[in-house]
Amino acid sequence: MSTPAAQPGGSARPEQALGPSLVLDAAGMDGTGTAGGLAPPDQVTREDHLSLPALRRRFPALGRLVHDRRLVYLDSAATALKLDDVIDAQANHYRRSGANAHRGLHTLADEATTAYEQARERVAHWVRAPGTDCVVITRSTTAGLNLLARGLEPSLQAGDEVLLTEMEHHANLVPWIQLAQRAGIVLRHIPLTDQGTLDLGQLATLMTPRTRVVSLTYVSNVLGTINPIAAIAEAAHAMGALVVLDAAQAVGHMPVDFGDLGADLMVFSAHKAYGPMGLGFLVGTSEALDRLAPLEGGGQMIREVHLQHATWEDLPLRLEAGTADVASATAFVAAMDMLDRIGLDQVLARDRELTGYALQQLGGLGGLQLLGPADPERRGALISFHDPQLHPHDLATLLDEQGVAVRAGHHCAQPLHRKLGLPATTRASFGVYSGRDDVDALIDGIAFARRFFS
Ligand SMILES: Cc1ncc(COP(=O)(O)O)c(C=O)c1O
């Protein structure tokens, strides 16, 4: 399940040509170590959105120094840095009004409802949802998956099967484990090949007439593997199963077309796509969403409430109980706008170029076990690796001292790490602001850590 080091022993860094429209110079800073001189949004041109230094200036956190070093943020898979327009839009909601959506008739309440519903419409268009009512606003990917597993429970019977994979994040394991414990559901898992891809040869035996749900990740948050969703969805639908897609690591990195993917339900979080924390989305066909019993009650999800019974609103409000995060929903529009100005095809191309470069440079260090497919075309913008010479926590701590932020641990995928025989790995992950200079800083940092511990 690991990619052999590409260039064992070779540590030279080839000076490769840069991508067509991306200028990789120094740090993207203004020379003072701060991201000064932010261009007002109305003066930001398309070229600015394609130039790495200008893009970096749009992310205020990159202006920080960490241990007196330029911040090299390689933890975007955990959460992406926040765009200036997102931060401003969120603050502006509270500054100008702070009103609740779907509650009042006064001007501020009406504006909040309009902005909230416009954000929903924008997301629906962005991921090509079947309709605006097919977008449920949630708290996160995790909240969406819990809502699903609980919401489907009344339509499942003991002995029904849910098919998952061995590469899932805990968010797509634990809600199903809890469902299995409550309702006697049988859990099965698609195993992995040695290349860190799904062993689809096993599908025919793993899917049975009792398979009701197939739930899997689009992009693995550890291996980086991009799964062939359309093919799996076709096989699942042939068995009459619902397909649930965890798109947490895909949205914001590639064009995501819900219709083309063929899933019935899809979840993702705004914070991994440069938006606010505490905001996520559940997208589905109306037939699949109609099957979901509401997990939570109260607020705008009701139609009528009596003392002994109540009836529910139509979709999507039926699945949105309580006060919504209007500020975050409206702020996320700015993140989608930024990504659309760059072009998600361009974001994907750039991710691949940078991931390819990082795989090559990490391979050049020698002795590292790189996880996941060797081909950058088959993976997302992250690389997990194991260095037998260094504990991931020691490495992450030494990297941090050099301003390099990576993630070390099991990345909320303990079963996968158990399968790999590794208690923990180190993960470097990229965002639109990442460049080859960041990868170079990582490589220098690992070399330094190795010297330090040798
Ligand atoms: C593949 C995958 N699924 C689910 C999640 C959970 O996302 P959240 O914490 O935003 O709910 C993550 C977060 O890392 C993830 O990478």
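Which pocket does the space taken by the ligand correspond to? In this predicted model, the ligand occupies the second largest pocket. That pocket makes a convenient starting point for a reader meeting the structure here.

The second largest pocket has a volume of about 230 Å³. Its lining is made up of 21 residues, and those closest to the pocket centre are Thr141, His169, Ala248, Gln249 and Lys272. Sorted by class, this lining contains seven nonpolar, nine polar and five charged residues.

Attention can now turn to the ligand itself. A shell of 13 residues surrounds the ligand, with Thr142, Asp246, Ser269, His271 and Lys272 as the closest. Lys272 thus appears among the closest residues of the shell and also among those closest to the centre of the second largest pocket. By class, the shell around the ligand comprises two nonpolar, nine polar and two charged residues.

Several side chains place a polar atom beside an oxygen atom of the ligand. For threonine 142, the separation between a polar side-chain atom and a ligand oxygen is 2.5 Å. For serine 269, the corresponding distance is 2.6 Å, while a polar side-chain atom of serine 140 lies 3.5 Å from an oxygen atom of the ligand. As for how far the ligand is covered, its exposed area when taken alone is 390 Å², and the protein buries 89% of that.

The largest pocket deserves a visit too. Its volume is about 430 Å³, and 21 residues line it. Nearest the centre of this largest pocket are Ile137, Thr138, Arg139, Glu296 and Ala321. Two elements, strand S5 (135–138) and helix H5 (141–152), each provide at least two residues of the lining. Helix H5 is the leading contributor to the largest pocket, giving four residues. In terms of class, the lining of the largest pocket holds ten nonpolar, seven polar and four charged residues.

Two details of the backbone complete the picture. Most residues other than glycine have a negative phi, and most peptide bonds are trans. Against that background, the peptide bond from leucine 315 to proline 316 is cis, with omega near -5°. Proline 316 belongs to the loop that runs between strand S13 (310–312) and helix H11 (326–342). The other detail concerns histidine 102, a residue other than glycine whose phi is positive, near 55°. Histidine 102 also sits in a loop, here the one between helix H3 (84–96) and helix H4 (107–126).

Conventions: Residues are numbered from 1 along each chain as its sequence is written. This is a predicted model: local features need pLDDT of at least 70, side-chain atom pairs count only at pLDDT 80 or more; totals for chains, interfaces and linings use all residues. Side-chain values use heavy atoms; hydrogens and water are left out. A residue is near a molecule or strand if one of its heavy atoms lies within 4 Å of it. A polar contact is a pair of N or O atoms within 3.5 Å; within protein, one must be able to donate a hydrogen and the other to accept it, and residues adjacent in sequence count only if both atoms are side-chain atoms. Accessible areas come from the Shrake-Rupley method with a 1.4 Å probe; for residues, only the protein chains shown count as cover. On a 1 Å grid over the protein atoms alone, a cavity is a set of points where a 1.4 Å probe fits but cannot get out, and a pocket is an open set with protein on both sides within 12 Å along at least five of seven lines; lining residues have an atom within 4 Å of a point. A molecule sits in a cavity or pocket if more than half of its atoms lie within 2 Å of its grid points. Ala, Val, Leu, Ile, Met, Phe, Trp, Tyr, Cys and Pro count as nonpolar, Asp, Glu, Lys and Arg as charged, and the others, Gly among them, as polar. Grid points are joined across faces, edges and corners, and a volume is the space filled by probe spheres set on the points.
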